[in-house]
Each structure stands twice: as C-alpha cells, then as structure tokens.
Amino acid sequence: MSDFPWLLAMIAVPAVGAAGVAALPKGRDGTAKQAALGVSLVVLLLAVLATVAFDTGGERFQLTTSVPWIPDFGVDFALGVDGIALVMLLLIGVLVPVVVLASWRDEPTGQRSMKAYFAWLLLLESFMVGVFAATDVFLFYVFFEAMLVPMYFLIGSFGGPRRQYAAVKFFLYSLVGGLVMLAAVIGLYVVSANELGEGTFAFDALRGIEIDPGVQKLLFLGFFVAFAIKAPLVPFHTWLPDSGAEAPIGGAVLLVGVLDKVGTFGFLRYCLPLFPDASRDLAPYVLVLAVAGVLYAALLAMGQSDMKRLVSYTSIAHFGFIALGIFAFTTEATTGAVLYMVNHGIATGLLFLVVGMLIARGGSRQIGDYGGVARQAPLLAGVFLVAGLASLALPGTNSFVSEFLVLIGSFPTRPVFTVLATVGIVLAALYVLLVYQRTMHGPPRGVLLETPAETPAPAPGGGGGATAATATLDAPAAAPARLRVADLSPRELAVAAPMVALIIALGVYPQPLIELVEPAVAATMSDVGADPAGVEPEAPGGGTD
Amino acid sequence: MIEAPTLSLAALAPLLCVFGAACVGVLVEAFGPRENRHAVQVAVALAGTLGGLVTSLLLAGERQITAGEALAVDGPAVFLQATIAGLGALSLLLFAERSLDPARSAFVAAAAVPAGSPRDRELLTVPRVQTEVYPLTTFAIGGMMLFVAANDLLVMFVALEVLSLPLYLISGMARRRRLLSQEAAVKYFLLGAFASAFFLYGLALVYGATGSIRLSVIREAAAAETGGGLLLVLGLALLIVGLMFKASVAPFHAWTPDVYQGAPTPVTAFMAACTKVAAFGAILRLLYVAFGTSEWTWRPLLYGIAIVSMVVGAVLGLTQTDLKRMLAYSSIAHAGFLLTGVLGYGSGPDGTGSGLGATMFYLLAYGLATIGVFAVLTLVRDGDGEATHLSKWAGLGRRSPLTAAAMALFLLALAGIPLTSGFTGKFAVFRAAIDDGAWPLVVVALLASAVAAFFYLRVIVLMYFSEPAADGPTVGVPGLPTTLVLAVTVTATVVLGVLPGAVLDLAEQAARFVG
C-alpha cells in the first residue's frame, strides 16, 4: 500500500475534478457542488490514508514519487512529504470540503455560474497540495506561482465590491515576490552547478552544498521576500486585508488558512535549511518584522469596522507569531510554529466562516451593523465565541498549545522579542472580545432589525456605527426591537461542527500532531545548526498528563 | 572562366520551396482566373511554407556551408527556418480567413485607389478580394529564412531587403481604417530605409576593417585585432542598430506601436512573430559567429539596450488603451528579454553557450503565443472592424467564454506564468544569463516582467471581472483557418509550458553554429 503514489493522487484527483466540473453544461450548478464536495472528500480520505502510511520514525521524506520532467533544466517532478508538509496536507484536506459546504448557498454576482467557482476551488486545491508536496525547488516554484491564478479568479470573479482592485493587488504582490524568488532559484541552480558539477533543483542535494556567505545572503533574501509577501510579514502585508475583505468567504478561508502558510512553510523548508548561515545572521531583522507585525496588526485589527478586514489583520498578527517561532531556532518554538500554522488555519478559518454566515444574514460587513444577535441565534454566537477564543489562544483551544510552545521556546534564545510578542496576546483578547461583544450582545440593532421602517431614525443601511447607534437609542420608543435572524441551518452546523471539534480536540490532545512534526522540525534545526538539544516539547494543553 | 559555386540543393531545399512558391504565386496572380485565384494562392503559399517547414525539419542535424560559403546550413539556421516557416504558415492561415469580415477579407480590394474616394467606398462593399498579399508574404517568409542562414554580410543585407519590402507593402493594405494603415506603411518604410542604410554603412565599415564580408573571416580578423579596432567596432555598432530596428528593440522601436496598430491584424501577427524570429536569428549569428571572439565590443552595448528595451516596453505598455499598441510595447519588452538570452553567450560547456538554445526556444514560444493573441484580436469586432480599444473588451468572459479563455491563456503566457510556454522560455533565457554572471540584468528583467504583468492582467480583469458594456463588440465565429490557428497555438502554449522537454532538447541540440 505504501507504494501507492498518494501525493500524485492528491494532486491529480482535484485537478481532474476541476476539469470535470468546468466541463459541466451551463446551469448545472447543483451537480457542480456535489461533484466538488465528493472530490474534496476523496482528497481528505487520501490525506488521511497518506498519514497512516507515513512512518513518523522513518526517513525525512516519505511517500516519494519522482519522474524526470524537464531534463534540460535538471528538473524532476519530485514529490515527497515530511511531517510538516503532511500536516499541511491534512489541513487542506479538511478545509476544502468545509469551504465547499460553506459556499453551498452562495449566490453568484451578476450572471456568473457557481460552476466556475467550484472548478477554480478544486484547481486551487490541486496546486496547494503540489506546493507542499514538491521536493524539487523548481516544481515548488511552478506550483507557487500557478496557485495565484485560481485564487485571482476566485477573488476577481466572486468577491466583494472592490474585487477587481483586490484581485490585481493580490496577484501583483505575489508575482513580484515570486519573480524575486525565481532569480534566487536560478541562482541556487547555478551555485549547485559550480558546487556539484551538475546543476540540480532537488531539495535534498541542495541542502548539502556549501554556499559562500555573501551569495547565501542574497539568495536567502530572494526567497525571503517571496515568503514574507506570502506570509505576510509587516511591511509586505498591505495586500492581505484587501484580498481577505473582498474575497468570497470560501476563498478567504483558503487564502489565510493555506495559501499564506506557504510563506511560513517556505521559511522552514527552504530559507533555513538551504541558507543556514544567512538565516542565523539575518534572524534578528526577521524577528523585528515578526514582532512588529504582532503588535502593529493587532492595533490595526482593533481599529477596523469591517469584520473581514479585522479577521485579516488578526491573521497578520498570528503570522508574526509563527515567524517568531521559526526564527527563534529552537525545536520547541519551531514545533509550536508548525502547530500554529495548522491551528491558525482552523481557528481563523472558522472565524472567517462564521463571519461569513453573519454577513450572509445581514448583507453588511460592518461591525456596527450588528448587535444582540446572540439572543436570536445562540448557536451562531456560540460558534463565533469558540472561533474567537481559539483566535485569542484561550487554554483548552488548539491555538493555546501552539502559542505557548512558541513563547516558551523562544524565550531562552530571544527573551526581548518574546516579551514584546506576549503583549500581542493581550491585544488579541481585546480585538476578539470587542467584536464579539458588539455584534452578538447588547441591545438588538443594525441591519437585522425586524422593523427598520418603523423606527424614526434614518434607515440603518450600510452606515457605520454612528447611525446604527442612533437607531438603537430610538428603537425602544417605537417598538420592542427584535432581530430577524435565523440560527444556524443544519448545513451551517455541518460546516462549523468539524472545525469546533478540531479546535477542542487539538487543544486537549495535541500529542499526535506534535509527534508527526517533531522529527521534521528536528531535522530542520540540525540543518540550520541550531542547538537541537532543546527540551522535549510537552503538551501544555492540559489533560494529557 | 568563372567557376560556378557548389550548391547543395538538399541543404537549400527549404529556401527553394518557399521562394519557388512565391514565384508560382506571382505567375498565378498574372495568369490565374480571378474567380478561383484566392483559393489557388492560399494553397500555393501554404504548400510552399509547409514544404519549407518539412524540409527544414528533415535537415535537422545538418552542418555545412554551401553556395560559395554564402549560406550556413547549421543547427540554428535549420531550427529558426523551421520556426519561421511554421509561424509563417499560421500567419497565412490568418490572412486567408474569409468568414469574419463582412467584406470577406482583411485586405483592401484595390490598394491603389485613394482612401475615402468614391471608388474606394464602392469597393468597400464589393466582395472582391486581394490576392497579391500571398506571394508578397511568401517572399517575406523566404527572405526571413535566408536572413537566419546568411553566412556573409552581403547576403544578410539582401535577405533583409527581401523580407522588408513586402512587409512595408502589406502593412498598408488594411481594408478598414485605410489612412491609418497607409500611414503605418509609410512610417515603417521610411524608418526601415534608415535602418537598412545603417546596416549597409556598418557593412562597409566592417569590410574596410577586415577586408571581408564573410562572417568566419571577420571573426578571425576581430580576434587578431589588438587595440585600434575602431573601424570594426563602429561597423559592428551600425550593424547592430540595423538589426535592432527589425527586432523592434528600444530605443529603435519608434515605429513599432504605430505599425502594429495600423497594419491589418493578420499582418501584425506575422510581423510580430516572424520578423522577430528572423531578426534575432541574424543577431545571434552575427554576434556569436562573427564577433564571438570579441565579446567585449558588443556586450556592454547589448546590456544597455536590453535594459532600455525591457523598461520602455513594460512602462509604456502600462499607458496604452489600444490592445494592438499594448501588444506592440509587449513585443518591445520581449525583445529585451530575448536580448537577456543573447547575453547568455559563452556560458555553455563548449563555449557556444546555453543562451543560444534558450533564445531559440523563447523565439518559438513567443511567436506561437503572439500569433495566437492576434488571432483572438481578429475575432472581436464591431461595426468598424476589429474592436481593439481596451474598454470594448469589458465582460467578454461572460459573453464568449472560449474566446476569452484563449486570450487569457495567451496573456498569461506572455506574462510568463508557470505552466505556460512563456514561463519556460523566460526561465531558459534567465538561466543562461545568470550562468554567465549577468544577474543584475536578470533582476531588471524580473522587475520588468512584474510591471508588464500588470497590463496583461488588466485585460483579464476587463474580460472577466467587469460587467459587459451594453453596445459591446460581437465575437465573430471563426472559419476553419482561424480555428486551426487557435487550436495549434493554444495547444503549443500549453504543451511548451507543461512538457517542454522534447522541444527544449531540440533547441539545445540545434544550438551550434557552423563556421
């Protein structure tokens, strides 16, 4: 069974599925949905089976497949996963069906067909799997860039009012990063040709070569810029709030949940092992960006009135934490960072989904347009709360484990940065709880009010908090205000339930995940020459001991 | 008694095919009955170019100098001849399309009738078609194929004229917007004449410096030259100017946007694809064969104009609102990328360099995508002919998904997105340049690619993300020829992106000059 090309199948199945869905005749949106759900569930199954076939004590890269692709460039179609890549594949496997289900009732804008939406989604899944499964730098780059195209169409065709701007901004930012990386990829090839006599893109071969420190720094920067845009770290982040806000909910979940993880994954897989000296030399600067991101994005998140932008900014803060964990160079912190990548995908993914459910009910993205929803829709509020608490890393939720590991792992080597980042946790509690409180509790108000026409105040349409507040003040005088809001439908429950379950389960018992990623993290740490004798990470989530 | 030079007819077969077809075309024009002249002309021209394609493919691996050392039949010559013949055949198919324009052809019925005169208006509705374009184009294709095989400067000059003169003519033959077309032709002719003069003067100087017009002799003289080779360097510079003009490299690009816009779209496709291939073929041969040993003379010059061309193409492309002009600037930027590959000289193991194979592959990939993109342009029309203004393309993705998808594919290829031919080509030339230590140039090239990506993307944004305009253009149903062209170019663009191994291999094997 272990000879079965799991990874190839995980790339091929959604790609074929995408072609199939795209080839459906016009107007068959229903079939498209079902097909997309079926295909994504097959991929999930493949991911689970691949995990079973993966031996945590075995070689670093497993489930490998390799066929020559472009012999003239020395490129192989080489796939393989270590623990880190495998958990990302699992995350993709979980998120895509959830996203398909969450997009079930989306009404396309204009006369666009949802068929195209699901086709792009599946194609994106195929490329995302490829990006994490590639063990050839060239192949990685190809998937890295190709991934932009489906996401570009998802944002541009199915997004919000400013979708054109957001789509182009997203594409150009990523493309610029990618092109800089391309220069570094070619440079790496040339270096390998000088070093090994024959140029190669194979990750394992590249890892072993000695690179001159000056060249190393340049190549590191080439890769770093691409990943820092993708991740995104602070000065390169401005595209994410636009894309996150304008993307359709499903696209936004995959954007911050998976696509952006390619950046942090790239730090771990490519920057550290290939350019260890440069990584060590430049780590302080990266850490400055990381911690600045944690604080700055948290402050900006608090100032947002648009819920989707807010969630995007929280993501930027979280990516700061992940980068901190990666560039602290301890096994614990890095393990924490990898867990963070998974947990953030689930927690922020759920937050996006629940915000999407709320927006689907009210038609507005403004926080000020909602209030008191919890009374009418307790389930919706409950899910919102769980997602929010997971985002602020409450103990018992999955994010706590990873955040804690990052912080205790980073403290011994980088005390100052760690302490500063800790402030971010407090800010996270603020921005999450504030938005929860304002939309879910308090007096009913906003666009969901049942009798907006009877209130003497101006109709609280798409206005900001000010109009909505006036409406609430006047509302009791006119009529007892009630919200017209339905609680979660069974379909929405099916979307939220697995995510909530994962948040709790991984919060209470993260050990399997840790065991899966630990060997790969240790290998990365030994590549970068960091002290691998870090304390064996324990599960601080409680309940395991 | 003058001895006749030895001629290897087999090695000349591609040229003979194409020039033969052109001559037959002239005869058909003179004696063929009018009613079926169009069909016969198309058949003759296609037979000639496809014959040229097949015979040049059969010549693969040939390495010889023939026709009194005037022609080199070697890997690059054969590869590029096949490329030109193939692209030329595709362009001819676009010329032959009759179902798109209500007047049954993209060419004016009688070019000599003054534009706007009563007779002209009368002719606009007459279903008479122009057939002189076919032999003219075939001559141009033959000239291009001769251009890339020329082993001495004089033959190169003759080929340059053979390919240029028909081009000047056919770019003035648009059926619609005739004044624009005629203006383009005059502009092209005037500037082209200057470029030819530059080339000729350079030729004279080089002859003065080395005493020969034979490339291999120039090479030896250039190698032996120590110090005062001023005459040679000046001559080389002038030759380069002449060639860069044809290749539409900035700062010798001034004609490009106007001519691309004014010429009938099939002709623009032909110029953009084939002329570029031919010009770069000649540039490669001139620099690598004749001046390969004195790299220092041309390297800094090329370095500079490559950067200028990329920057000018990418930046000015941003401001265009007409698709044909935009593609003209795109072609200027691509000329810069191609020069990056040319500068990868000497990086290979046997000194010929991976730059040669990479540049040839790029030319093929670029040519196919370019013909494809202009083929799509011919489909989108309004009452006044082709609708090339950007705003007209809004919402096209909704109205004709297939046309828009093909356009998007070509634009992504031109932007160099992975899994399209454009990426493979870019990667190949950039690798060659970095191999040779020209990494600052590659960094500029990458930045220019990013800038250029913006204007390609803008079209995709318009097609897919904008609401269709109420009085938008109609998308014509292409006849067999255009459908064939689109099928070939789409397939090639995808295949050269996903599985480029075989063709890259071919280009790499062909990448050795003789002489």
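**Questions on a predicted two-chain model**

Colleague: In the hairpin of β1(A) and β2(A), which residue takes a positive phi?

Modeller: This is a predicted model. The hairpin of β1(A) and β2(A) has four residues between the strands. A positive phi, near 70 degrees, is taken in this hairpin by A:G74.

Colleague: Over how many bridges do strand β1 and strand β2 of chain A pair?

Modeller: Strand β1 covers residues 62-70 of chain A, and strand β2 covers residues 75-81. Within the pair, A:V67 stands opposite A:F77, and A:Q62 has A:V81 as its bridge partner. The two strands run in the antiparallel sense, and the number of bridges between them is six.

Colleague: How many of the seven residues of β2(A) are buried?

Modeller: A residue is buried if 20 or more other C-beta atoms lie within 10 Å of its own. β2(A) is largely enclosed by the rest of the structure, because the number of its seven residues that are buried is six.

Colleague: How many helices does chain A have?

Modeller: Chain A holds 545 residues, of which buried residues make up 63%. Among its contacts between residues at least 6 apart in sequence, 79% join residues at least 24 apart. Beside two strands, the number of helices in chain A is 22.

Colleague: How far apart are the end C-alpha atoms of helix α17 of chain A, and why does this agree with expectation?

Modeller: Helix α17 covers residues 378-391 of chain A, which is 14 residues. At 1.5 Å a residue, the helix should therefore span 20 Å. The model agrees with this, because the end C-alpha atoms are apart by 20 Å.

Colleague: Is α17(A) mostly covered or mostly uncovered, and how many of its residues are buried?

Modeller: Among the buried residues of α17(A) are A:L380, A:V383, A:F384 and A:L389. The buried residues pack against several helices of chain A, including α14 (307-326), α15 (331-362) and α21 (490-508). The helix is followed by A:A393, whose phi is positive, near 65 degrees. α17(A) is thus mostly covered, and of its 14 residues the number buried is 10.

Colleague: How many residues does the largest nonpolar core have?

Modeller: The residues with the most contacts inside the largest nonpolar core include A:L89, A:M147 and B:F147. Leaving aside neighbours within four places in sequence, A:M147 is in contact with A:L124, A:F127, A:M128, A:V131 and A:L259. The number of residues in this core is 432.

Colleague: What is the radius of gyration of chain B, and why does it agree with a compact globule?

Modeller: Along its principal axes, the C-alpha trace of chain B spans about 70 × 55 × 40 Å. With 515 residues, a compact globule would have a radius of gyration near 24 Å. Chain B agrees with this, because its radius of gyration is 22 Å.

Colleague: How many strands are there in the secondary structure of chain B?

Modeller: Buried residues make up 63% of chain B, and 81% of its contacts between residues at least 6 apart in sequence join residues at least 24 apart. The secondary structure of chain B includes 20 helices. Its number of strands is five.

Colleague: What is the order of strands in the open sheet of chain B?

Modeller: The edge strands are β4 (385-386) and β5 (474-475), since each pairs on one side only. β3 (residues 380-382) and β4(B) pair in the antiparallel sense over two bridges, and B:D382 stands opposite B:G385. The order of this open sheet of three strands is β4-β3-β5.

Colleague: Why is α3(B) described as largely enclosed, and how many of its residues are buried?

Modeller: Helix α3 covers residues 75-96 of chain B, and its end C-alpha atoms are 31 Å apart, which agrees with an expected 32 Å. The helix is largely enclosed by the rest of the structure because, of its 22 residues, the number buried is 22.

Colleague: Which helix supplies the largest share of the side of chain B that touches chain A?

Modeller: In this interface, 27 residues of chain B are in contact with 29 residues of chain A. The residues on the chain B side divide into 19 nonpolar, two polar and six charged. At least two residues each come from α17 (421-435), α18 (439-465) and α20 (501-510) of chain B. The largest share, 12 residues, comes from α18(B).

Technical notes: Residues numbered from 1 in each chain as written. Chains lettered and ligands numbered in written order. Predicted model: local features only at pLDDT ≥ 70, side-chain atom pairs only at ≥ 80, totals over all residues. Core = buried A, V, L, I, M, F, W, Y, C linked by C-beta atoms within 7 Å. Buried ≥ 20, exposed ≤ 12 C-beta atoms within 10 Å, placed from the backbone. Contact = placed C-beta atoms within 7 Å. Expected span 1.5 Å × (residues − 1). Nonpolar A, V, L, I, M, F, W, Y, C, P; charged D, E, K, R; others polar. Pairing = 2+ DSSP bridges. Rg over C-alpha atoms; globule rule 2.2 N^0.38 Å.
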